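These notebook entries record what I looked up in one structure. I began with enclosed space and then turned to the backbone, the sheet, the open pocket and the ligand.

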Amino acid sequence: MAAGLTIKPAQGKLGILTPGMGAVSTTFMGGVEAVRRGMRLPIGSLTQMGHIRLGKRTDNRQPLVRNFVPLADLNDIVFGGWDIFADSAHEAAVKAGVLERHVLEELRPFLSEIRPMPAVFDNYYVKKLDGTNVKKGRNKMALAEAIMRDIEEFKKANGCDRIVMVWCGSTEIFLTRTAVHQSLAAFEKGLTENHPDIAPSMIYAYAATRLGIPYANGAPNHSADLPANEDLAKREGSPICGKDFKTGQTLLKTVLAPGFKARLLGVSGWFSTNILGNRDGEVLDDPESFKTKEESKLGVLDSILQPELYPDLYGNLYHKVRINYYPPRGDNKEGWDNIDIFGWMGMPMQIKVDFLCRDSILAAPIVLDLALFLDLAKRAGMSGIQEWLSFFFKSPVVPDNLRPEHDLFIQHTKLKNTLRWMMGEDQITHLGREYYDES
Ligand SMILES: NC(=O)c1ccc[n+]([C@@H]2O[C@H](COP(=O)([O-])OP(=O)(O)OC[C@H]3O[C@@H](n4cnc5c(N)ncnc54)[C@H](O)[C@@H]3O)[C@@H](O)[C@H]2O)c1
C-alpha cells in the first residue's frame, strides 16, 4: 500500500455558499436539512449513500465513502449565498416548486433564515433576468473585493472553519476566452478596467480563489476555467472544478453512448429535445445563454464515440440538441431522445428515450457531493483543476492539452481510485489475475 496524503481533519463548521439561490440551490439546502432531521434519505448522493470497494474482492471491505474518507459531517454544514432577488431560501423554494409544499412548510423556519446577500450581476450576461438585490461598485475589482468581504463576514458570523463555493447561478451568455483571461496580470487589469469579457460568475470565482476557497461551477459558462484563475488557484491552494452539473438527458447520454461504443454499434443520428418551464428554462430561452448550454451538451458524444478513430461507426453522426421553454411543466422537465443506431450488415435500429425527470432533484445531491469532496481536497492540500470530479459534470474542465473524459463509468472509476490514492489504498484495475494465480 502507498502512503496516502496527509489530510487535515474535518473539524468545525463548513460554510457552503452558492451564488444563485434558485431551484437547485434551495432544493439542495432544504434537502440537506430534511436529511439532518431524519425526514428523508440522501438519495443520489455518492458521499452519503455510496460504498467503495477496497482491496481484493475476497477481502469483503466495502465501507461507505463517508466512513472511508474524512468528510465534513452534514450537521456541521452552514448555508449561505447571493441572489439578485431578495427572496429567502424558503420563498425561492416555494416559487421554484420542486419540493413538496408540506416538506417546505416543515422546513420554513430553517429556510426563512437563509437570506441572499446582494449579488454581483449585469443583465448584459443574463438577458432574461433583472433584479434589485444587486451590488454597486466602482469597477469589477471593487465588486470582487465586496464578495471577499461577504465571505469573510459570513465566516465570522457563522463561526465557520472553512468555506466552499458552488455556482448555482443562471447560465450566462456564451463568451470565448480572450487575452484578458490568459494571465492573472491581464485579468486583474481587466477587473479594474471593467473589461466586458469578464462576466459576474468569473468575479465570484476570482474572489473565492483569491481567498484559497474551493470553487465548483454548476453552469456551462466559463467562470473558474480560465488560465488566469487556474494559476491563481495553484498559488492560493484552491481546488477548482466544473462545469455544468451532469443531470437528466446528458447523464443518460453518457450512460448509453459508452455502451454502444463498447459493442461497436454505429450511431447515425441522435436527436435530443427538452421541454421545461422553470426559471432556468426561461433563461435558456435566450439564444445567447442557450448557445453556452448547447456547446456543453454537444461536446459529450464526440468525446465518447471518437469518430476520428471509428469513422465507419460515428463519422456521419448527426447530433442535435433543443431546449424549449414551456411554463406549464415547471421544474419537471421532459427530455426525449431519438437515437438512430446500426448494427451487423449495417442494419438500422432505433431507440427512444422519454425521461420525465426533475432537474433540481438530480442536481441537488451533486451540489452536496461537490462541496464535500472539494472541502476534502482542500484539506488534503490538492489545488488547481480537480479532474477526478468530472463524474458530476457535462463539460469536465481539464488542461488545454487533454481531452475530457465523458464516459460516466470511467469517471466513476477515476473518482474512486482518487479516493483510494488519497487514503493510501491499492488502485483497483479489475485485472483480477490474483484470484487465478496458482504459483
Ligand atoms: N437543474 C439541473 O439539473 C441543472 C443541470 C445542469 C446545470 N444547471 C445549471 O445550474 C444553474 C442553476 O439552475 P436552477 O435550476 O437553480 O436555476 P434558477 O433560475 O432556479 O436559479 C438560478 C438563480 O441564479 C440567480 N442569479 C443569476 N445570476 C446571478 C448572479 N450573477 N449572482 C447571483 N445570483 C444570480 C437567479 O436570480 C436565480 O435565482 C443554471 O445555470 C443551470 O443551467 C442546472
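**Entry 1: the cavity**

I looked up which element gives the largest share of the lining of the largest cavity, and found strand β6 (residues 239-242), with 3 residues. The model I am reading is predicted, not experimental. I kept a general point in mind: rolling a probe the size of a water molecule over the atoms shows where empty space is left. A search of the whole structure returned 1 cavity of 30 Å³ or more. I noted about 60 Å³ as the space in the largest cavity. Its lining consists of Asn217, Ala224, Asp225, Ile240, Cys241, Gly242, Lys243, Ile385 and Val397. Sorted by class, I recorded 5 nonpolar, 2 polar and 2 charged residues in this lining.

**Entry 2: two backbone details**

Gly242 and Lys243, both in the cavity lining, drew my attention again when I checked the peptide bonds. The bond from Gly242 to Lys243 is cis, and its omega is near -10°. I placed Lys243 in the loop between β6 and α10 (248-262).

I then looked up Gln306. Its phi is near 50°, which is a positive value in a residue other than glycine. Gln306 belongs to the loop between α12 (287-305) and α13 (311-314).

**Entry 3: the sheet**

In what order do the 7 strands of the open sheet stand? I wrote down β3-β2-β1-β4-β5-β6-β11, with parallel pairing. Why is one side of β3 (117-118) and of β11 (384-385) left without a neighbour in the sheet? Both strands stand at the edges and have a single partner strand each, so one side of each has no neighbour there.

I followed one edge further. β2 and β3 are paired in the parallel sense over 2 bridges. For Trp82, I found the bridge partner Met117 in β3.

**Entry 4: the second largest pocket**

I next examined the second largest pocket, which holds about 780 Å³ of space. It is lined by 35 residues, and Pro42, Ile43, Gly44, Ile361 and Pro365 are the closest to its centre. Which helices supply at least two residues each to this lining? I listed α1 (23-36), α2 (46-49) and α14 (359-379). By class, the lining of this pocket comprises 23 nonpolar, 7 polar and 5 charged residues.

**Entry 5: the ligand**

I counted 31 residues around the ligand, of which Asp83, Val120, Gly169, Thr247 and Arg279 come nearest. The shell divides into 16 nonpolar, 8 polar and 7 charged residues. Elements that each supply at least two residues to the shell are α1, β2 (77-83), α8 (200-210), α11 (279-284) and α14. Among the elements, α14 gives the most, with 3 residues.

I then looked up backbone contacts to oxygen atoms of the ligand.

- A polar backbone atom of Val24 is 2.8 Å from a ligand oxygen atom.
- For Gly169, a backbone N or O atom lies 2.7 Å from an oxygen atom of the ligand.
- For Asp359, the distance from a backbone N or O atom to a ligand oxygen atom is 3.1 Å.

How much of the accessible area that the ligand has on its own does the protein cover? I recorded that 98% of the 840 Å² is covered by the protein.

**Entry 6: cross-reference**

I compared the lists for the pocket and the ligand. Helices α1 and α14 appear in the lining of the second largest pocket, and α1 and α14 are also listed for the shell around the ligand.

Notes: Residues numbered from 1 in each chain as written. Predicted model: local features only at pLDDT ≥ 70, side-chain atom pairs only at ≥ 80, totals over all residues. Heavy atoms only, no water. 1 Å grid on protein atoms, 1.4 Å probe; cavity = no way out; pocket = protein on both sides within 12 Å on 5 of 7 lines; lining within 4 Å. Points joined across faces, edges and corners; volume = space filled by probe spheres on them. Helix = DSSP H or I, 4+ residues; strand = E, 2+ residues; numbered from the N terminus. Nonpolar A, V, L, I, M, F, W, Y, C, P; charged D, E, K, R; others polar. Near = heavy atom within 4 Å. Polar contact = N/O pair within 3.5 Å; in protein donor to acceptor, adjacent residues only side chain to side chain. Areas by Shrake-Rupley, 256 points an atom, 1.4 Å probe, with all protein chains shown as cover. Pairing = 2+ DSSP bridges.
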